Amino acid sequence: MTSTMLFPAPAGSDRAQALAAEVGCAVGEFSPPFGHMKPALIGAVKGFSTALETFGGRFERRQRVYVFPSWPTLEAALRYVLDRRAAGAGGERAQAYVSADR
């Protein structure tokens, strides 16, 4: 029987780790039964799983992680999620400010 494994993030993945921490997750390396190690996002992704899939993230049920084709792709997905959160939060704050002013 073949198995999958999850390893700690490698050296040089500091940017991805910092971005992941901002969304409440962590990164590591996923080792499929066959093939090369791939970057993985670990943690609760409720609310942005569709964005991860848009960037090529694939949910790996056994390890309960999102696996990406490359580190730059994972970083891009996390930046997108953070930008959308910032835009949404900014818009809500602006709307609340306008409502309070009336």
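Where do Glu75 and Arg79 lie, and how many residues apart are they? In this predicted model, select the two residues together and you will find both in helix H3, separated by 4 residues, which is about one turn of the helix.

With that pair still on screen, show the side chains, which meet in a salt bridge at 3.4 Å, N to O. Side chains of opposite charge can pair when their charged atoms come close. Colouring by accessibility sets the two partners apart, since Glu75 is buried, with a relative accessible area of 6%, whereas Arg79 is partly exposed, at 38%.

Next, keep Glu75 selected and add Arg15, whose side chain meets that of Glu75 in a salt bridge of 3.1 Å, N to O. This pair links distant parts of the chain, for Arg15 belongs to helix H1 (residues 14–22) and Glu75 to helix H3 (residues 71–101), with their positions 60 residues apart in the numbering. Arg15 is exposed, with a relative accessible area of 57%. Displaying Arg15, Glu75 and Arg79 together shows the network of salt bridges that links them, and a search of the whole structure finds 2 salt bridges.

For the last stop, leave the charged residues and select Met5, Phe7 and Met37, which make a nonpolar surface patch of about 260 Å². To place Met37 along the chain, look in the loop between strand E2 (26–31) and strand E3 (38–42). Met37 is partly exposed, with a relative accessible area of 36%, and therefore passes the requirement of over 30% that applies to residues of a patch.

Technical notes: Residues are numbered from 1 along each chain as its sequence is written. This is a predicted model: local features need pLDDT of at least 70, side-chain atom pairs count only at pLDDT 80 or more; totals for chains, interfaces and linings use all residues. Side-chain values use heavy atoms; hydrogens and water are left out. Patches are made of residues with over 30% relative accessible area and no salt bridge: like charges are joined within 9 Å, nonpolar side chains (Val, Leu, Ile, Met, Phe, Trp, Tyr) within 5 Å. Accessible areas come from the Shrake-Rupley method with a 1.4 Å probe; for residues, only the protein chains shown count as cover. A salt bridge is a side-chain nitrogen of Lys or Arg within 4 Å of a carboxyl oxygen of Asp or Glu. Buried means under 20% relative accessible area, exposed over 50%, partly exposed in between (1.4 Å probe, protein chains only).
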